[in-house]
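This briefing introduces one protein model to a first-year student. Please keep the sequence and the three-dimensional view at hand while reading.

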Amino acid sequence: PMNFQKVNYLIVEDVIDTATALKTELNKLPNTQRVDIASSVSEALRLFSLYTHDIIFLDINLKGSYGYDLLKKIKRNYSQLPYTIIMTGEESGTDDFAQHFQEYVPYVLAFWHKPIFDEIQEKLEGLLLKIRALQNQLFTSLDSFPSFIVVNQNERCKVDNILYLEADGSTTNIYVDTNTGVAQKTGFNQLGYYEKTL
């Protein structure tokens with residue numbers, strides 16, 4: 001769960017004026033611990049690996065890459081996605097960008113159309129309230145403990161049936177108890193990913 005007393009933010013935005021103005025607004029919030037700015041996916045990944053941000057403000061169109069590439073890479077390498085606000089200058093009707101974020105629900109919380117600064121403090125406070133409500137919902141239910149893990153894109157594995165995990169280079173062998181014996185499955189993530197998930 002997110003620590004609401006110390007919140008780390010990452011702004012991924014290639015228009016520096018927008019990024020610095022948003023940083024100024026975030027620093028006005030009482031529980032802000034850190035606000036980082038990245039202008040590219042690679043820079044954002046580097047910063048995320050250092051500070052594991054709780055909330056990301058993510059521009060869709062970055063020079064040479066797209067914002068959803070960042071979420072894809074975070075999902076592949078970390079057990080938990082950050083809460084994300086998509087910032088876009090695109091009209092939602094003219095671009096199908098929303099479909100790129102379907103797999104990141106419920107962590108993609110909102111689509112903010114630029115300019116975003118109208119009543120920005122109210123928006124930011126509402127955002128934190130929304131996250132708090134979402135976390136209460138997620139972590140007070142038994143479903144907060146995974147009953148399945150995703151082994152690869154097309155296969156899930158019941159947690160109760162796992163006997164043990166074995167590192168195998170950049171993948172993981174998952175040994176599962178079946179009624180008739182032991183089955184070996186290949187997990188397409190490193191062992192650390194499954195350890196954090198479980």
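The points below treat a sheet, the nonpolar cores, one strand residue and the salt bridges.

The structure is a predicted model. It includes an open sheet of 3 strands, a largest nonpolar core of 47 residues and 4 salt bridges.

**The open sheet**

- The strands of this sheet follow the order 10-11-12, and their pairing is antiparallel.
- Strand 10 (162–168) and strand 12 (181–187) are the edge strands; each has a single partner strand, so one side of each has no neighbour in the sheet.
- On average, and with direction ignored, neighbouring strands here are turned by 20° against each other.
- Strand 11, which covers residues 171–178, pairs with strand 12 in the antiparallel sense over 7 bridges.
- Tyr-175 has Gln-184, in strand 12, as its bridge partner.
- As a general principle, the strands of a sheet pair through backbone hydrogen bonds, in either a parallel or an antiparallel manner.

**The nonpolar cores**

- Within the largest core, of 47 residues, the most contacts belong to Tyr-9, Leu-26, Ile-55 and Phe-57.
- Helix 4 (residues 120–139) supplies the largest share of this core, namely 6 residues.
- Leaving aside residues up to four places away in sequence, Tyr-9 touches ten-odd positions that need not be listed in full; among them are Leu-26, Ile-55, Phe-57 and Leu-128.
- Another core, of 8 residues, lies apart from the largest one and includes Val-151, Cys-157, Ile-174 and Val-176.
- In soluble globular proteins, nonpolar side chains tend to be buried together.

**A residue in strand 5**

- Ser-65 belongs to strand 5, which spans residues 65–66.
- Is Ser-65 buried or exposed? Its relative accessibility is 16%, and residues under 20% count as buried, so Ser-65 is buried.
- When residues up to four places away in sequence are not counted, Ser-65 touches Val-41 and Ile-60.

**The salt bridges**

- Side chains of opposite charge can pair when their charged atoms come close.
- Glu-25 forms a salt bridge with Lys-28, and their closest N and O atoms are 3.3 Å apart. Glu-25 is buried, at a relative accessible area of 14%, whereas Lys-28 is exposed, at 53%.
- Asp-36 forms a salt bridge with Arg-34, with the closest N and O atoms 2.7 Å apart. Asp-36 is buried at 9% relative accessibility, while Arg-34 is partly exposed at 28%. Both Arg-34 and Asp-36 also appear among the residues that Tyr-9 touches.
- Asp-59 forms a salt bridge with Lys-114, and here the closest N and O atoms are 3.1 Å apart.
- Which parts of the chain does this pair tie together? Asp-59 lies in strand 3 (residues 55–59) and Lys-114 in the loop between strand 7 (108–113) and helix 4, so the pair links parts that are 55 residues apart in sequence.
- Asp-59 is buried, with a relative accessible area of 4%, and Lys-114 is partly exposed, with 29%.
- Glu-13, Asp-59 and Lys-114 are joined into one network by salt bridges that share partners.

Technical notes: Residues are numbered from 1 along each chain as its sequence is written. This is a predicted model: local features need pLDDT of at least 70, side-chain atom pairs count only at pLDDT 80 or more; totals for chains, interfaces and linings use all residues. Side-chain values use heavy atoms; hydrogens and water are left out. Two strands pair if DSSP finds at least two bridges between them. Helices (H or I, at least four residues) and strands (E, at least two) are DSSP runs, numbered from the N terminus. Axes are lines fitted to C-alpha atoms, for helices over the stretch in contact, and angles run from 0 to 180 degrees between N-to-C directions. A nonpolar core is a set of buried Ala, Val, Leu, Ile, Met, Phe, Trp, Tyr and Cys residues joined through side-chain atoms within 4.5 Å. Buried means under 20% relative accessible area, exposed over 50%, partly exposed in between (1.4 Å probe, protein chains only). Contact means heavy atoms within 4.5 Å. A salt bridge is a side-chain nitrogen of Lys or Arg within 4 Å of a carboxyl oxygen of Asp or Glu.
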